[in-house]
Amino acid sequence: MNKKLENLIDNLMRGKCGLLYQYLNEIEDLIYDNLTPQKIMLHYNIQEIHKNRCKCIIHNGDNNTSLQFTNKGFKCHSCNTTGTLLEFIRLASNLKTLNDAKIYAANNFTNINLPFYDVEDYKSKTKLAIINKFEITGSYITKDYYDISLLPNGYCNFKDNKIEKSTENIIIKSNANSKVSLDQELTKIEQEEIKKYGMPKYIKSLNNASSSKLISFCKNSSKFINKELLCNFMSYQYNLSEVDYVDNDLFLITKPDDLPSKSFSGILNRILFPIKDHFSNTVVGYLCRSIDKNHNTKWLLVTDFNDDGTIVEFNKGNFLYNLNKVKDKQPKELWITESIVDAIKLESLGYSAISSMGVNLSITQIGLINKFFGKDIALNIFFDNDSNNNSNTGKEMSYKLCHQLYDYGFKNLNIIEIDSLYGKDLTEWAINIRNNILLKNLVETWYKNRYTFNINDFSEINIIKDKTKATTNSLQCSSPLQLNNIYKLITMLENYLEKEDLKNLELSKLMNIDIEQFNLFSELLKNNIITRTKCFSELNIINLTEGQYNLLVNYYKTEEILSIDSHCNKRQISSIIFNTKKYKKSIDLSKYIPSIYNNIEDSLYEVVVDNNIPF
Ligand SMILES: [Zn+2]
């Protein structure tokens with residue numbers, strides 16, 4: 001490698017690593033939201049003996065309860081190791097740094113699917129992508145490489161960093177030619193997977209499935225299915241009758257003796273929803289729904305079990321639930337749900353539905369939609385309404401997904417918001433009203449009230465981004481109404497705050513302000529100041545002009561104004577006027593008025609007078 005190329009790579013890598021660390025910091029809260037001691041114990045296959053107590057796998061001791069978890073951290077009473085939950089993951093998975101632990105946790109405990117498994121992997125893959133691009137373009141210009149990113153789409157938010165700002169422009173530009181962009185991106189992902197696994201991840205998933213003991217067991221063991229409990233549960237929990245799901249091959253075993261081996265005990269008392277490959281129609285993995293209240297984790301994604309009972313996780317990113325069936329129907333509209341059961345329920349009502357098994361779509365999943373339906377299909381995004389939580393993830397991710405799909409060239413996008421009155425998703429509504437005809441009518445109503453994505457509704461994103469420290473990524477989670485509110489609020493705040501102060505405001509806090517109330521409140525304040533002060537002619541003012549008085553009255557109390565009038569000379573007055581106008585708020589008068597806060601002797605000293613006074 002020549003020296004010039006080495007320098008180029010070094011320069012680029014510094015920026016790319018900075019971006020990774022910033023991204024990992026930003027998702028840290030999200031990671032913690034998804035971490036519980038129970039999830040961690042399940043993941044590492046540690047048995048919980050008492051609440052939050054288990055064996056310590058760090059020093060591998062014999063005491064079954066030496067390790068104690070809290071919601072924030074852990075402590076081992078034998079080896080005295082202690083730390084956060086992320087630190088536990090770092091130790092348990094033998095990772096070098098906390099950033100490595102964050103990457104591992106993001107991939108294994110959240111919906112995020114990062115295409116790298118630690119910092120070193122990120123570096124080597126990024127470097128490889130740069131070299132590949134160099135081989136094609138031969139360019140030594142750094143900005144030609146800004147579009148290379150392994151981070152989730154749209155994440156490049158060094159707001160004050162010119163380099164990253166131009167990255168966004170380049171991404172937007174390349175998206176103008178979106179058909180190429182999606183294909184290029186898919187090719188890039190596949191090439192990286194081949195380099196890492198020796199084959200595309202999709203093929204690897206198929207290989208895992210074909211050698212899975214669990215899948216072959218389920219296929220040949222329908223006689224063990226507890227049909228009665230399965231029917232009862234599906235009816236009770238989702239208002240689904242057997243005809244609705246009979247061809248979905250659901251599986252449920254409740255007797256331990258029916259299991260071929262103890263290592264399969266993870267499927268006991270869990271309904272297995274098979275996820276099938278879109279080409280071969282064969283099972284590639286299961287989403288397992290617990291029906292046992294004592295289970296710590298409600299949902300598991302499984303391809304197989306290792307001999308010691310640990311999970312071989314199913315990689316959902318290469319598949320879409322129900323795509324194998326829907327793809328042959330050539331529907332004009334395709335519904336995308338967050339959960340598998342919502343897709344089953346929609347299908348039972350006569351709609352064509354797939355499930356992304358979460359609120360994100362991987363690029364590969366978007367590629368699948370494109371491959372089977374093309375970019376003109378109407379996509380109806382029908383995620384959960386989490387409006388009872390602090391943040392409505394389903395709604396936010398619907399908008400985010402629309403931007404992503406739009407960038408890849410999909411233009412026919414609808415967001416269908418479920419009314420939260422009787423539940424956050426379709427199946428919750430189903431069991432609360434237990435009337436499928438009414439339910440279908442409701443779906444039609446929600447559909448009629450759909451939001452049809454129009455990129456012009458989001459033009460305020462760029463303005464808001466320039467004036468605050470909000471990122472494109474976070475703003476793309478907002479509805480047009482929310483954006484408009486934020487925009488109005490910022491416009492109002494501009495009257496009170498300096499540009500830099502505005503930039504320091506947390507947008508997430510602004511979002512919760514009721515704009516109408518804010519408006520009213522600021523009007524009240526203004527009027528109150530004006531009515532409680534006397535007008536110019538009522539006061540015996542000597543030095544101030546009426547114009548100066550009318551300006552000062554907005555910012556100072558009457559006695560302060562009288563004190564300015566009686567103590568300041570003309571230069572000091574104009575200095576006060578100038579600075580008050582400049583900062584649009586009251587300034588510290590003690591620097592300008594002799595003797596207000598000082599002794600008489602002090603008042604003889606020179607008082608601050610600013611240069612460039614306009615009169
Ligand atoms: Zn220990």
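## A zinc site, an open sheet and some buried residues

Helix α11 (residues 227-238) lies across β6, β7 and β8 (299-305), and its direction makes an angle of about 85 degrees with β6. This is a predicted model, so please read everything below in that light. Besides the helix and its sheet, this briefing visits a zinc ion coordinated by Cys56, His59, Cys76 and Cys79, and then a handful of individual residues.

**The sheet under helix α11**

- The sheet is an open one built from 4 strands, in the order β6-β7-β8-β9, with antiparallel pairing.
- Strands β6 (270-276) and β9 (311-313) each have a single partner strand and stand at the edges, so one side of each has no neighbour in the sheet.
- From one strand to the next, the twist averages 50 degrees.
- Between β6 and strand β7 (residues 283-290) there are 7 bridges, in the antiparallel sense.
- Within that pairing, Arg270 stands opposite Ser290 in β7.

**Loops on either side: two asparagines with positive phi**

- Asn239 belongs to the loop between α11 and α12 (242-245).
- The phi angle of Asn239 is near 55 degrees, which is positive even though the residue is not a glycine.
- Asn239 has a relative accessibility of 16% and therefore counts as buried, the cut-off being under 20%.
- Asn322 sits in the loop between β9 and α13 (323-326).
- Asn322, also not a glycine, has a positive phi of about 80 degrees.
- With a relative accessible area of 4%, Asn322 is buried.

**The zinc site**

- Four residues coordinate the zinc ion: Cys56, Cys76 and Cys79 through SG, and His59 through ND1, at 2.0 to 2.3 Å.
- The arrangement is tetrahedral because the 4 donor atoms subtend angles of 92 to 129 degrees around the zinc ion, and the criterion asks for all angles between 85 and 135 degrees.
- For reference, the ideal angle for four tetrahedral donors is 109.5 degrees.
- Along the sequence, the donor residues follow the spacing C-x2-H-x16-C-x2-C.
- Two of the donors, Cys56 and Cys76, link distant parts of the chain: Cys56 is in the loop between β2 (53-54) and β3 (67-69), whereas Cys76 is in strand β4 (residues 73-76), 20 residues apart.
- Both Cys56 and Cys76 are buried.

**Asn52, in the loop before β2**

- Asn52 is located in the loop between β1 (48-50) and β2.
- Its relative accessibility is 14%, so Asn52 counts as buried.
- The side chain of Asn52 makes a polar contact of 3.0 Å with the side chain of Gln38.
- Leaving aside residues up to four places away in sequence, Asn52 touches Pro37, Gln38 and Met41, as well as Leu67, Gln68 and Phe69.

**Ser398, in helix α16**

- Ser398 is part of helix α16 (residues 393-407).
- A relative accessible area of 3% means that Ser398 is buried.
- Its contacts, not counting residues up to four places away in sequence, are Ile381, Phe383 and Ile415.

Key. Residues numbered from 1 in each chain as written. Predicted model: local features only at pLDDT ≥ 70, side-chain atom pairs only at ≥ 80, totals over all residues. Heavy atoms only, no water. Buried < 20%, exposed > 50% of the residue type's maximum accessible area, 1.4 Å probe, protein only. Contact = heavy atoms within 4.5 Å. Donors = N, O, S within 2.8 Å, 3.2 Å for Na, K, Ca; no water. Tetrahedral: all angles 85-135°; square planar, octahedral: opposite > 155°, others 65-115°. Polar contact = N/O pair within 3.5 Å; in protein donor to acceptor, adjacent residues only side chain to side chain. Pairing = 2+ DSSP bridges. Axes fitted to C-alpha atoms, helices over the stretch in contact; angles between N-to-C directions.
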